[in-house]
Amino acid sequence: MGAQQEKKPSEERKHKSTQNNTQTSQVQWGRAWEVDWFSLASVLFLLMFAPLIVYYFIMSCDQYQCSLMNPLIDLLTRNKHLSDIWNKTPMLTYKAAGIYALWVTFQVVLYICLPDFCHKFLPRYVGGVQEGAVTPAGIVNKYEINGLQAWIFTHVLWFANAYYFHYFSPTIIFDNWIPLMWCANILGYAVSTFAMIKGYFFPTNPKDCKFTGNFFYDYMMGIEFNPRIGKWFDFKLFFNGRPGIVAWTLINLSYAAKQQELYGQVTNSMILVNVLQGIYVLDFFWNEAWYLKTIDICHDHFGWYLGWGDCVWLPYLYTLQGLYLVYHPVQLGTANAIGILILGFIGYYIFRMTNHQKDLFRRTNGNCKIWGKKPEYIECSYMSVEGTKYYSKLMTSGFWGWARHFNYTGDLMGSLAYCLACGFEHILPYFYIVYMTILLTHRCIRDEHRCLSKYGKDWKRYTAAVPYRLLPGVF
Ligand code: NDP
């Protein structure tokens, strides 16, 4: 199941096109050039409310045992004022600032100073220097894929220091959770602002920059496509994967340790959440080279959406189930626990196999077997900024014949499993499945809009052949 890179663009069939109308279609793919009022309203809403949403969820657990309603009731009945809640909120501490600075520095060092050696001894793992997809300007970036190595190093050091040398407690993350949130926000805003300034004054690839003229939209959705410092420090790959996703499993481990400290045992629901999310995280790093071909890297520009989102939104809201279980240690009945585990595994299987089928199909240029047969596909073409014509294929068999984004369906099943592990007492742990449903449905529509701009009539032939997006016969 190891992912490997797609066919190199230099090996793709391509030729120069002199047609005038190509200029229109070239610039359409990638993120928008013009901002409609709905996009602008959504951007302003998110810029204003996303940090408050994160604060509200984490504060609800800290002060209200994870009840989302009680803070509102307290405020509406004037039982409490906003200042009461704010005054009870832990502030930034030197300790948290030190931990966070050390954490980010350590991840930067692992990212840029340690070339990958895992691919030398792990069969089927693709690491080391890999190429990304062709950007709208026709550039192909090289990446040092060493996320799995960073994850292993970090976790070995975590266990050694927390359980063997006792340099720190394994509950250190939980114990400093809110002060660390302020640090994550500082980094999230700093990196987004830096990316904006860099986009204007010293972009890495000026041809891959997009300016809409709207400050808020550009700040949120990013100007530069692949901002870099030096040859190797790629903002998107670093911030998407580390520090957020490496931290995900450590955060969950810290929650499990807190349960142990508070109740003298770790519940089966906490183990389920740790195992299912751990598989998801490990899958991400095992397939980091494949990840270079996903929408985050291939199509999104780097702005607040990715910068702040990876620093704050992801580590704080993707780990809500574990946090909830510290306050509500749910012990599931055996049948329920097995049912949730099976749902999680089936979701993961669909997610992984669907992604694997596309990866295999693209990597072999269709010369492979999907479910024992030669894959069916639609031939399509698109243009780069300089007018070079590229050819590609859209698969219409396997899971990709069932729906146009069955990988999202598998992801949603897995997400539901994490939430179900928390029982039904509170809605807070269900935020994740609601959010993922909105995120992936919106992503699906966004991606299809982009593919339509990129492939034109070929995309229409594809949607006629595979009419459903997520659920065959339904949507
Ligand atoms: P996909 O991996 O589905 O990639 C979409 C791209 O694949 C399209 O833009 C197109 O790109 C190509 N493509 C579309 N249809 C076909 C086809 N039939 N045959 C061949 N290629 C096709 O999307 P994402 O990058 O969004 O997602 C990757 C995974 O990451 C998913 O499993 C998703 O669930 C997960 N994810 C998880 C998130 C989280 O927060 N947990 C967030 C986002 C994603 P091209 O231009 O190359 O043709």
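# Exercises on a predicted model

Asn-365 is partly exposed, its relative accessible area being 32%. The structure is a predicted model, and the exercises below are worked on it.

**Exercise 1.** Find where Asn-365 and Trp-371 lie, and decide what sets their backbone angles apart from the general pattern.

*Solution.*
1. Asn-365 sits in the loop between α18 (334-363) and β6 (377-383). Trp-371 lies in the loop between α18 and β6 as well.
2. The phi of Asn-365 is near 55°, and that of Trp-371 is about 55°.
3. Most residues other than glycine have a negative phi.
4. Asn-365 has a positive phi and is not a glycine; Trp-371 likewise has a positive phi without being a glycine.
5. To class Trp-371 by exposure, use the cut-offs: under 20% is buried and over 50% is exposed, with partly exposed in between. Trp-371 has a relative accessible area of 46%, so it is partly exposed.

**Exercise 2.** Identify the peptide bond between Arg-242 and Pro-243 as cis or trans, and place Pro-243 in the chain.

*Solution.*
1. Omega of the bond joining Arg-242 and Pro-243 is about 15°, and the bond is cis.
2. Most peptide bonds are trans.
3. Pro-243 belongs to the loop between α11 (235-241) and α12 (244-263).

**Exercise 3.** Describe the contact between domain 1 and domain 2.

*Solution.*
1. Start with the bounds: the domain assignment gives domain 1 as 84-331 and domain 2 as 336-474.
2. The C-alpha centres of the two domains are 23 Å apart.
3. Count the residues: 33 from domain 1 are in contact with 36 from domain 2.
4. The size of an interface is often given as the accessible area lost when the parts come together. Here the two domains bury about 3100 Å² between them, with 63% of it on carbon and sulfur atoms.
5. On the domain 1 side, Tyr-280, Trp-290 and Tyr-324 lose the most area to domain 2, together 20% of what that side buries.
6. Two salt bridges are found across the interface of domain 1 and domain 2.

**Exercise 4.** Work out which helix gives the most to the nonpolar surface patch, and class Leu-52 by exposure.

*Solution.*
1. The patch covers about 740 Å², and its residues include Leu-44, Phe-49, Leu-52 and Phe-215.
2. Two or more residues come from each of α2 (37-64) and α10 (215-221).
3. The most comes from α2, with six residues.
4. Leu-52 lies in helix α2. Its relative accessible area is 47%, so Leu-52 is partly exposed.

Conventions: Residues are numbered from 1 along each chain as its sequence is written. This is a predicted model: local features need pLDDT of at least 70, side-chain atom pairs count only at pLDDT 80 or more; totals for chains, interfaces and linings use all residues. Side-chain values use heavy atoms; hydrogens and water are left out. Patches are made of residues with over 30% relative accessible area and no salt bridge: like charges are joined within 9 Å, nonpolar side chains (Val, Leu, Ile, Met, Phe, Trp, Tyr) within 5 Å. Accessible areas come from the Shrake-Rupley method with a 1.4 Å probe; for residues, only the protein chains shown count as cover. A salt bridge is a side-chain nitrogen of Lys or Arg within 4 Å of a carboxyl oxygen of Asp or Glu. Helices (H or I, at least four residues) and strands (E, at least two) are DSSP runs, numbered from the N terminus. Buried means under 20% relative accessible area, exposed over 50%, partly exposed in between (1.4 Å probe, protein chains only). Domain bounds come from an automatic or database domain assignment. Contact means heavy atoms within 4.5 Å. Buried area is the accessible area (1.4 Å probe) that two parts lose on being put together, summed over both.
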